[in-house]
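I opened these notes with two topics in view: the packing of a pair of helices and the surroundings of the ligand. The entries below follow that order.

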Amino acid sequence: MPTDFSPQIAPGASERMAVIDLAAVRANVARIRQLVGERTLIAVVKADAYGHGAVEVSRAALTAGADMLGVVHVREALALRRAGIDAPLLAWLHTLNTDFSAALAADIELGASGRWDLEAIADAAASAGVTARVHLKVDTGLGRNGSTEEDWPALLARARALEEGGTIKVVGIFSHLAVADEPERAENREQMKRFAADVAAARQAGLTPSLIHLANTPATLTAADAVSPEDLLCSGVRVGLGLYGLSPLADETSADLGLEPVMTVQTFIANVKEVRAGQGVSYGLNYVCERPTTLALVPMGYADGVPRVATGGPVRVYPAGGEPVTARVVGRIAMDQMVLDLGEPGLSDPARGFLGARAVLFGNGENPPVEDWAEAAGTINYEIVTRISQRVERVYIGA
Ligand SMILES: *Cc1c(COP(=O)(O)O)cnc(C)c1O
C-alpha cells in the first residue's frame with residue numbers, strides 16, 4: 001500500500017520525515033516519456049530536486065530513461081558530479097562569481113544568456129584548453145534571463161566566432177515559457193513563433209545546435225492539444241514538477257495527468273488533550289474553541305517548511321486501531337508546532353490511539369494532496385514541496 005509506510009518504516013524511526021517514493025519518480029519519468037517519444041528528456045533537479053533530494057531523484061530518473069539532468073546553479077551541478085553522477089548535465093543561471101573553470105573540469109554544459117557569461121565561459125575554456133558545450137538562451141517573452149531578441153543576432157555572431165576559435169561549441173538553444181500553465185493564452189503561440197525564428201537565425205549564423213528545448217512540465221503535459229505540438233516539444237523538454245508527480249494545471253489533478261505524487265510528509269501526534277469551550281489556541285489566540293473538544297499537537301511548524309500562513313491546512317491522522325480522520329490546523333502555525341481541533345471531546349483517551357498516531361500533511365492515495373496546503377498558504381504546489389526544510393529527514397523508498 002503506497003499510503004501506509006509502516007511496513008518499511010517503523011513509527012518513531014524518524015519523528016518528522018518526507019518519504020520520497022523513487023518508484024513513483026520512475027513511473028512519472030515513464031509517463032513523460034510516453035508524451036515526448038524519442039525527444040531528449042532533461043530531468044530538472046534544481047533546488048535539491050524541488051526538495052525531494054537531487055542525488056536520489058537524479059539516479060531514479062536516469063534509471064527510468066531520462067537523458068540529461070538540468071539544474072540552475074553550477075554548484076548544484078558540481079554536487080551531483082561529486083555524488084558520482086556522470087550523466088549529461090546542464091546549469092543555466094550564473095553570476096559574475098560563478099566558477100566556470102570548475103564547471104568545465106566537471107564536464108557540465110552551460111547555459112549562456114548574453115555576452116558577459118558567454119565571454120566568461122569562453123575565457124575559462126581557453127585557460128583550460130577545452131571546448132565548452134554551451135546552450136544559448138533567448139528571452140522570447142518571459143522577461144527574465146536569456147538574450148533579448150535585439151541582442152540575439154550579435155550574440156549568435158560572437159558565438160560563431162568563438163566556435164571558430166575552438167573555445168565553445170553551441171550544442172543547444174533554449175527559451176522558457178511564461179504562461180504554459182494556461183495553455184489557451186495567445187502568448188504561448190507568440191513565444192513558440194519567436195523561438196522558431198530565433199533557432200532559424202542561429203542556423204543561418206552557422207551554428208549547428210542539436211538540442212532545441214522550450215517546454216517545461218505544463219507545456220509538455222498539454223502539448224498534444226497545442227496548435228503545433230512540434231514547436232512546443234522541439235527536440236527536447238525540461239521537466240521538473242512532473243517528475244515529482246505534481247500537476248501544474250489548475251483544473252487537473254496528478255491522477256488526471258497519469259502522475260504519482262512522490263513526496264509524503266508525515267510526523268506523529270505529540271500530544272492530545274481535552275479543553276473547555278473558550279480555550280484559545282496558539283500565538284495571538286486567533287482561534288477560540290467554541291465547545292469542549294480534543295486538541296492534537298502536530299510537532300512541525302515553519303522551521304520545517306510548513307508555511308506560517310497556512311492555517312486551515314489539512315492533516316490526515318491515523319489513530320492506532322481506529323479510523324483515520326482528516327482535521328484542519330487551527331490557530332497560528334508556530335516555528336515547531338501546530339494544533340488540530342479534532343472536533344469532539346473524549347479523544348485523549350489512550351484507547352482511541354491518537355497520541356503517537358501517524359499524521360500526514362500531504363502525500364498520495366487517501367492523504368491530503370499538497371495542493372490543499374498550497375491553497376491554504378496562497379501559493380503553488382512547487383513552493384510547498386521545495387520549502388520542506390532540512391530539519392525534516394528524507395526517507396527513500398522504492399529504490
Ligand atoms: C525550473 C525550470 C524548468 C522546470 O519547470 P517545471 O514547470 O517544473 O517543469 C524548466 N526550465 C527552466 C528554465 C526552469 O527554470
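**Entry 1: helix packing.** I first fixed the terms: an axis is a line fitted to C-alpha atoms, for helices over the stretch in contact, and an angle runs from 0 to 180 degrees between N-to-C directions. I also noted that the model is predicted.

I then looked up helix H1, residues 22-36, and helix H3, residues 54-63. Their axes come within 8 Å and cross at roughly 45°. Angles of 65 to 115 degrees count as roughly perpendicular and those under 35 as roughly parallel; H1 and H3 are therefore oblique to each other. I recorded the crossing of H1 past H3 as right-handed.

**Entry 2: the ligand shell.** Which residues are closest to the ligand? I found Lys46, Tyr50, Thr217, Arg238 and Tyr382 in that role, within a surrounding set of 14 residues. By class, the shell holds 7 nonpolar, 4 polar and 3 charged residues. I traced at least two shell residues to each of helix H2 (46-50), helix H9 (217-222) and strand E9 (236-239).

**Entry 3: polar contacts of the ligand.** I next listed individual atom pairs. The side chain of Thr217 places an N or O atom 2.5 Å from an oxygen atom of the ligand. For Arg238, a side-chain N or O atom is 2.8 Å from a nitrogen atom of the ligand. Gly240 contributes through its backbone, with an N or O atom 2.8 Å from a ligand oxygen atom. How much of the ligand's accessible area does the protein cover? I noted 94% of the 390 Å² that the ligand has on its own.

Key. Residues are numbered from 1 along each chain as its sequence is written. This is a predicted model: local features need pLDDT of at least 70, side-chain atom pairs count only at pLDDT 80 or more; totals for chains, interfaces and linings use all residues. Side-chain values use heavy atoms; hydrogens and water are left out. A residue is near a molecule or strand if one of its heavy atoms lies within 4 Å of it. A polar contact is a pair of N or O atoms within 3.5 Å; within protein, one must be able to donate a hydrogen and the other to accept it, and residues adjacent in sequence count only if both atoms are side-chain atoms. Accessible areas come from the Shrake-Rupley method with a 1.4 Å probe; for residues, only the protein chains shown count as cover. Helices (H or I, at least four residues) and strands (E, at least two) are DSSP runs, numbered from the N terminus. Ala, Val, Leu, Ile, Met, Phe, Trp, Tyr, Cys and Pro count as nonpolar, Asp, Glu, Lys and Arg as charged, and the others, Gly among them, as polar. Angles under 35 degrees count as roughly parallel, over 145 as roughly antiparallel, 65 to 115 as roughly perpendicular and the rest as oblique. A crossing is left-handed if the near helix is turned anticlockwise from the far one by less than a right angle, and right-handed if clockwise.
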